[in-house]
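Got the viewer open? Let's take a walk through this one together, one selection at a time.

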Amino acid sequence: MGSFPQILDPYRETLENYAFDSDRFHDFQERLRSGKFEPSDNLIESAVKIPEKSAFVDDSCDASSLQLGQEALADGKAALVILNGGMATRFGGVVKGTVNVMGHLSFLGLRIKILQKLAPKCPIFLLNSFATHSQTLEHLSANDYFGCDPSLLYHLKQNISVRLTPGGEIFLDASGRPSFYAPGHGDVFSALAKSQDFQNFAKQKKVTVMVVNVDNIFADLSPEIVGRHLKENKPVSVEVAPQYPGDRGGAPLYVNDRLQIIEAFRLPQDFPHEKVDFFNTNTLLFQSHLFNQEYPLTWFRVDKTVDQQAVVQFEHLMGEITTFYESSYLRVSRDEKNCRFWPIKTQEDLKGLENRLYLRYPWLTSN
């Protein structure tokens with residue numbers, strides 16, 4: 001790590017521990033100061049086209065796909081990567097993975113219990129940030145790893161960066177300290193590429209890697225979804241769900257004749273979002289060789305409000321990998337019994353979750 005402003009010096013250990021990229025940070029500073037990184041710079045320049053429903057893989061799982069998935073999981077030829085680094089600002093600023101959502105089971109506890117039932121030989125890699133790493137370790141230890149063999153749990157560290165003012169200066173919070181953030185789930189590629197534990201595991205077998213948000217409980221490592229991915233035989237499979245009114249996020253759109261994930265904030269103001277049938281759930285399945293390198297993902301400007309002040313942070317996103325590789329788009333259900341996507345962004349979204357969990361996983365207990 002190179003030099004950085006004196007105001008950050010007291011935090012050098014934390015910054016180094018979470019791979020702060022000072023060169024990139026300085027570049028962002030200078031671009032903001034010179035007015036060369038406006039919010040409009042996020043907009044995609046190429047023409048986009050909304051795909052027909054036929055572009056997506058049907059949500060059924062035939063017998064041959066199911067067998068492929070069952071064999072892969074039985075042989076331990078899969079891994080679950082949990083994105084566990086979010087700041088959860090809409091959830092009260094807590095470490096979301098440690099929040100109890102069903103009896104004594106937290107989001108992480110549910111994840112582990114479900115994986116133990118469906119794929120007990122498959123490891124879990126947790127991508128933690130500076131804001132979640134320590135509390136996650138303590139939470140798992142205090143709960144005896146929810147019955148999981150600790151040797152199947154691996155902890156990776158997401159990168160760290162520093163918020164800026166719109167003018168390019170280091171933003172100081174209400175206490176007068178620099179404000180840190182994790183710069184997006186695009187970090188998953190570098191984190192797994194640098195993880196010797198993951199590389200040792202992946203090179204032994206032809207591995208399917210599923211990456212999921214910690215809070216999308218229903219996106220499990222099931223034989224059905226793994227089998228569908230394996231049968232498609234594409235480097236990447238993206239789970240896409242029916243878009244409901246009010247949904248906004250990444251969506252599969254054609255750009256330069258390739259179907260890829262394009263985030264809503266990159267689209268022009270008059271884009272007809274209501275005509276998009278399916279959108280990205282941020283659950284992706286990968287062939288493991290994709291994690292042997294980093295990718296030149298786009299850095300996007302994200303404007304937020306912290307302590308009632310405008311701040312700017314820069315993030316890169318996992319879904320952009322679909323611009324590099326041909327991908328399949330697997331339709332998944334939002335119906336109660338077969339649900340694979342139910343976003344939980346606020347405490348209010350927890351209402352009804354327990355009933356849905358029992359419907360989907362009747363064998364599940366709350367302790």
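## First stop: a hairpin

Start with β14 and β15, which make a hairpin with 2 residues between them, and look in the turn for D307, whose phi is positive at about 50°. Before you go further, keep in mind that what you have on screen is a predicted model. Now color the two strands: β14 covers residues 300–306 and β15 covers residues 309–315, and the pair runs antiparallel with 7 bridges joining them. To see one of those pairings, click V306 and then its bridge partner in β15, Q309.

## Second stop: a three-stranded sheet

Next, select β1, β11 and β12. They form an open sheet of 3 strands in the order β1-β11-β12, with antiparallel pairing. Which strands stand at the edges? Those are β1 and β12, each with a single partner strand, so one side of each has no neighbour in the sheet.

Zoom in on the β1 side. Here 2 bridges join β1 to β11, and the two strands run antiparallel. Show V48 and you'll find it opposite V255 of β11. Then show K49, which stands opposite Y254 in β11.

Swing over to the other side of β11. Strand β12 (residues 258–262) pairs with β11 in the antiparallel sense, over 5 bridges. Pick L253 and look across to Q260, its bridge partner in β12. These two strands also make a hairpin with 2 residues between them, and N256 there takes a positive phi near 50°.

Turn on a surface while you're here. Is β11 mostly covered or mostly open? It is mostly covered, with 4 of its 5 residues buried.

## Third stop: from the β1–α3 loop to helix α8

Now select D62 and K231 as sticks. They form a salt bridge, with the closest N and O atoms 2.4 Å apart. D62 sits in the loop between β1 and α3, while K231 belongs to helix α8 (residues 223–232), so this pair ties together parts that are 169 residues apart in sequence. Both ends have some surface showing: D62 is partly exposed at 34% relative accessible area, and K231 is partly exposed too, at 42% relative accessibility.

Stay on helix α8 and click I225, which lies in it. I225 counts as buried, with a relative accessibility of 2%. Try a distance from its C-alpha to that of A63: the two atoms are separated by 12 Å, although the residues are 162 apart along the chain.

## Fourth stop: more salt bridges

How many salt bridges does the structure hold? The total is 16, and two more are worth a click.

Select D220 and R360 for one of them; their closest N and O atoms are 2.9 Å apart. D220 is in the loop between β9 (208–213) and α8, and R360 is in helix α9 (residues 353–360), so the salt bridge connects parts 140 residues apart in sequence. Hide the surface to get a look, since you're after two buried residues, D220 and R360. Then add E239 and R340 to your selection: together with D220 and R360 they are linked in a network of salt bridges.

For the other, pick R334 and D247, whose closest N and O atoms in the salt bridge are 2.8 Å apart. R334 comes from the loop between β16 (327–331) and α9, and D247 from the loop between β10 (236–242) and β11, so parts 87 residues apart in sequence are tied together by this pair. Are these two buried or exposed? R334 counts as buried at 11% relative accessibility, and D247 counts as buried at 14%.

## Last stop: a charged patch

Bring the surface back and color by charge. Select D58, D59, D335 and E336, which gather on the surface in a patch of negative charge. Click D59 to place it in the chain: it is found in the loop between β1 (48–49) and α3 (63–74). D59 is partly exposed, with 41% relative accessible area. The D62 you selected earlier is in the loop between β1 and α3 as well, so leave both residues displayed and rotate the view for a final look.

Definitions and conventions
Residues numbered from 1 in each chain as written. Predicted model: local features only at pLDDT ≥ 70, side-chain atom pairs only at ≥ 80, totals over all residues. Heavy atoms only, no water. Patch = residues over 30% accessible without salt bridge, like charges linked within 9 Å, V, L, I, M, F, W, Y side chains within 5 Å. Areas by Shrake-Rupley, 256 points an atom, 1.4 Å probe, with all protein chains shown as cover. Salt bridge = Lys/Arg side-chain N within 4 Å of Asp/Glu carboxyl O. Lys, Arg positive; Asp, Glu negative; His and termini not counted. Charge placed at Lys NZ, Arg CZ, Asp CG, Glu CD. Buried < 20%, exposed > 50% of the residue type's maximum accessible area, 1.4 Å probe, protein only. Pairing = 2+ DSSP bridges.
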